[in-house]
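Dear colleague,

I am writing to hand over the structure that we discussed, and I would be grateful if you would look through it beside this message. A description of what was found follows directly after it.

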Amino acid sequence: MTYREVYGGWLEHPQAFWQTQAKSLAWYKFPTITQQADEHGADRWFTDGELNTCYLALDYHIEQGRGDDTALIYDSPALGMQLGRNPVIKRYSFKELRDEVAKTAGMLANLGVQKGDRVIIYMPMIPEAAIAMLACARLGVIHSVVFGGFASHELAVRIEDAEPKVILSASCGIELSKVIPYKPLLDAALEESSHKVEHCIIFQRSELKVKAEMQAGRDLDWQSELAKAQPVGCTPVKATDPLYILYTSGTTGKPKGIVRDNGGHAVALRYSMEIVYGMKPGEVFWAASDVGWVVGHSYIVYAPLISGCTTVLYEGKPVKSPDAGAFWRVIAEHKVRALFTAPTAFRAVKKEDPEATLLKNHDISSLKCIFMAGERLDPPTYEWLSQVTALPVYDHWWQTETGWAICANPVGVEPAKIKAGSATYPMPGFDVRILREDGSEAEVNEQGYVTVKRPLPPSCLATVWRNPERFYDSYMSQFPGYYLTGDGGYKDEEGYLFVMGRVDDVINVAGHRLSTGEMEEIVGAHQAVAECAVIAVPDNLKGHVPVGLVVLKDGAAIAEDALHTELNQMIRKTIGPIACYQQTLIVQRLPKTRSGKILRRTLRQMSAKETYAVPSTIDDPLILTEIAEVMETRLSLS
Ligand code: COA
Ligand code: AMP
């Protein structure tokens with residue numbers, strides 16, 4: 001079949017299309033209802049179906065006679081380097097992984113954790129992180145993984161919102177040469193949060209020197225608790241029961257708890273492995289990301305395992321792990337068929353090894369294609385990577401909210417011609433429309449808001465955790481009947497989608513989604529700052545980095561450098577080091593509309609040296625001349 005036939009088939013009979021996809025899974029109760037809108041206006045899938053996501057990821061394959069096949073490969077150059085030796089590698093068959101998961105579920109059950117309870121997972125990239133997620137899924141418990149690079153405040157905000165019964169964590173993570181103790185961050189977060197957890201279970205990384213300090217009664221040792229536990233089976237859940245909450249940055253300091261359900265998620269993720277990635281059971285898939293991000297949830301843990309593939313869990317960086325040949329080594333060593341990472345990872349490799357000389361030391365013939373997401377695949381990185389590997393390099397576009405690709409190259413059906421800078425075509429289930437401010441449809445090649453006409457397909461967010469109003473206001477209210485992605489872009493004459501960047505206060509730094517709105521709240525809280533705008537400025541390595549334009553209070557006397565150091569510390573302490581707050585520019589005034597709204601979009605365009613129209617609503621156009629001069633003379637771009 002061609003892509004057009006598949007997509008057209010879905011458009012004509014959407015319910016029948018997804019019923020067919022649902023048949024590829026082993027349900028406890030097959031759904032008779034395919035899709036319904038709920039009372040909050042969310043599109044819900046397979047509402048009367050029952051299943052268990054962990055069963056689909058592990059037990060099902062064992063029942064099919066594949067129990068001895070490899071399910072997960074842990075590969076850690078980070079740990080190897082700490083121990084002064086080669087990467088530490090550990091393989092789990094489906095049976096071994098199921099046994100670990102079943103016991104870990106038993107450990108949680110012993111503490112009274114039950115279906116519907118929340119468990120926060122704050123862990124480095126070790127197998128126990130994936131085991132913990134699957135153990136929650138086994139019990140019907142809702143997990144919420146928090147990325148290890150977030151500071152304790154971010155963790156506290158998530159604890160406060162999710163109200164977990166238990167937190168699973170580890171003694172430390174590894175960031176190249178640094179070992180980062182996790183327990184002090186966890187303790188500080190618990191101190192800050194008004195919600196009190198019953199227990200923290202801490203995995204002690206015995207090979208490393210950092211020892212977690214335990215609080216008697218509350219903190220428990222993972223290994224000792226596990227030793228007492230009995231394996232438990234899978235709890236059937238409704239398709240619409242939540243599998244997880246994953247917090248993502250919105251426009252304010254309060255992140256949005258994206259709720260993913262079990263049924264739609266399993267159906268869409270299995271289908272995505274086929275159509276987007278062209279993967280078959282038994283093949284090796286590697287998503288070089290972190291379980292703290294949606295890419296890690298979908299493509300390190302759930303989709304490959306549900307599809308019976310082998311997944312690689314990598315603890316390390318693309319560079320300095322120990323060198324820029326790290327990715328080539330992993331591909332060769334584990335016979336990876338498809339790699340998925342963020343463009344920034346290969347920009348880092350290109351910077352350190354521009355001729356890709358390290359590639360010559362490794363046989364990467366197993367690799368058939370490379371997938372990129374997290375940020376736009378910029379044409380220079382695309383050209384370089386396709387040239388050095390002689391492989392197809394596919395951009396695809398999606399977000400935490402959808403859980404799988406909105407637009408991609410339909411590799412599993414019929415690979416389309418690649419256009420550099422485009423994420424290619426919408427996937428079945430997504431009716432992508434480009435809308436103007438007034439809600440009318442844009443012409444071909446005209447930029448506008450990228451939206452998806454409802455209903456949204458399976459796996460897309462069910463709601464914002466305990467905040468249906470925010471779900472509606474953030475995504476559904478601006479254009480009734482359409483889901484607002486928050487991205488701007490256009491479609492060309494052949495229907496290719498070009499996503500050009502966020503139209504809101506969200507920034508992507510090295511593939512990490514953060515909120516400039518939250519950064520503004522922090523900068524604005526500095527005693528010398530009267531008002532500020534934090535904008536995304538282009539960066540050669542990280543795609544974008546945040547830069548603050550700051551107006552000082554009358555009488556405040558502080559040098560720009562000193563102010564920057566203080567603001568940087570505040571942002572690192574509140575959000576975390578991953579924010580990479582780059583520079584502070586003191587300006588006399590900020591450009592605003594007559595109603596007082598800061599013209600952030602214009603500032604972004606100016607910093608990127610794009611042509612921009614002076615908005616008709618501007619209060620004083622002369623300010624733009626002043627800002628242009630500041631940017632010209634003092635903004636350091638790299
Ligand atoms: N735990 C603790 N700290 C973390 C962390 C984690 N999990 N991840 C990052 N950090 C810290 C880093 O140590 C660094 O701290 P520093 O400023 O004190 O040195 C800071 O956060 C910035 O980290 P990072 O953005 O990773 O920059 P880097 O210079 O160390 O590495 C890249 C640059 C491009 C190699 C790296 O960003 C990368 O691999 N990016 C790919 C991202 C990715 O996979 N995204 C997922 C979406 S698909
Ligand atoms: P996250 O929710 O962290 O996955 O971030 C999602 C956002 O990252 C999207 O809304 C886009 O702004 C950006 N993004 C992800 N993938 C792409 C891509 N392939 N092209 C352009 N932007 C992307």
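A suitable place to begin is helix α7, residues 152–162, which is largely enclosed by the rest of the structure because 9 of its 11 residues are buried. Please keep in mind throughout that this is a predicted model. The buried residues of α7 are Ser-152, Glu-154, Leu-155, Ala-156, Val-157, Arg-158, Ile-159, Asp-161 and Ala-162. You will notice that the list holds charged residues, among them Glu-154, Arg-158 and Asp-161. Which elements cover these buried residues? The cover of α7 includes the strands β6 (118–122), β8 (166–170) and β14 (242–248), together with the helices α8 (183–192), α16 (516–524) and α17 (560–574). Just after α7, Glu-163 takes a positive phi of about 50°.

One of the helices that cover α7 is α16, and Glu-520 is found in α16. Is Glu-520 buried or exposed? Its relative accessible area is 13%, and a residue counts as buried under 20%, so Glu-520 is buried. The side chain of Glu-520 makes a polar contact with the side chain of Arg-600, at 2.7 Å. Leaving aside residues up to four places away in sequence, Glu-520 touches Cys-532, Ala-533, Val-534 and Arg-600. Arg-600 therefore appears both as a polar partner of Glu-520 and among the residues that Glu-520 touches, as contact means heavy atoms within 4.5 Å.

A second helix to consider is α2, residues 14–22, in which Phe-17, Trp-18, Gln-19, Gln-21 and Ala-22 are buried. What covers them includes α1 (3–12), β2 (43–45) and α10 (263–275). Strand β2 also helps to place Asp-38, which lies in the loop between β1 (35–37) and β2. The side chain of Asp-38 reaches the backbone nitrogen of His-40 at 2.8 Å. Asp-38 also touches Arg-44 and Ala-462, not counting residues up to four places away in sequence.

I turn now to the nonpolar cores. The largest has 130 residues, and those with the most contacts inside it are Leu-168 and Tyr-299. Helix α6, residues 127–139, gives the most to this core, with 10 residues. A second core, separate from it, has 47 residues, including Val-146, Val-509, Ala-528 and Val-550.

The structure also holds ligands, and I shall take ligand 1 before ligand 2. How many residues surround ligand 1? There are 22, and the closest are Glu-175, Lys-178, Lys-317, Lys-542 and Arg-572. Polar side-chain atoms lie at short range from oxygen atoms of the ligand: 2.7 Å for Glu-175 and 2.8 Å for Lys-317. For Lys-542, an N or O atom of the side chain is 3.0 Å from an oxygen atom of ligand 1. On its own, ligand 1 has 950 Å² of accessible area, of which the protein covers 81%. Two elements give two or more residues to the shell around ligand 1, namely β10 (178–181) and α13 (343–352). By type, this shell divides into 11 nonpolar, 6 polar and 5 charged residues.

Ligand 2 is surrounded by 15 residues, the closest being His-396, Thr-400, Asp-487, Arg-502 and Arg-513. A polar backbone atom of His-396 is 2.7 Å from a nitrogen atom of ligand 2. Thr-400 places a polar side-chain atom 2.5 Å from an oxygen atom of the ligand, and an N or O atom in the side chain of Arg-513 is 2.7 Å from an oxygen atom of ligand 2. The protein covers 93% of the 490 Å² of accessible area that ligand 2 has on its own. The shell around ligand 2 divides into 4 nonpolar, 5 polar and 6 charged residues.

Finally, I would draw your attention to Val-210, whose place is in the loop between β11 (199–203) and β12 (219–221). The C-alpha atoms of Val-210 and Cys-172 are separated by 6.7 Å, although these residues are 38 residues apart along the chain. Beyond residues up to four places away in sequence, Val-210 touches Ser-171, Cys-172, Val-179, Pro-181 and Gln-204.

Yours sincerely

How values were computed. Residues numbered from 1 in each chain as written. Chains lettered and ligands numbered in written order. Predicted model: local features only at pLDDT ≥ 70, side-chain atom pairs only at ≥ 80, totals over all residues. Heavy atoms only, no water. Near = heavy atom within 4 Å. Polar contact = N/O pair within 3.5 Å; in protein donor to acceptor, adjacent residues only side chain to side chain. Areas by Shrake-Rupley, 256 points an atom, 1.4 Å probe, with all protein chains shown as cover. Helix = DSSP H or I, 4+ residues; strand = E, 2+ residues; numbered from the N terminus. Core = buried A, V, L, I, M, F, W, Y, C linked by side-chain atoms within 4.5 Å. Buried < 20%, exposed > 50% of the residue type's maximum accessible area, 1.4 Å probe, protein only.
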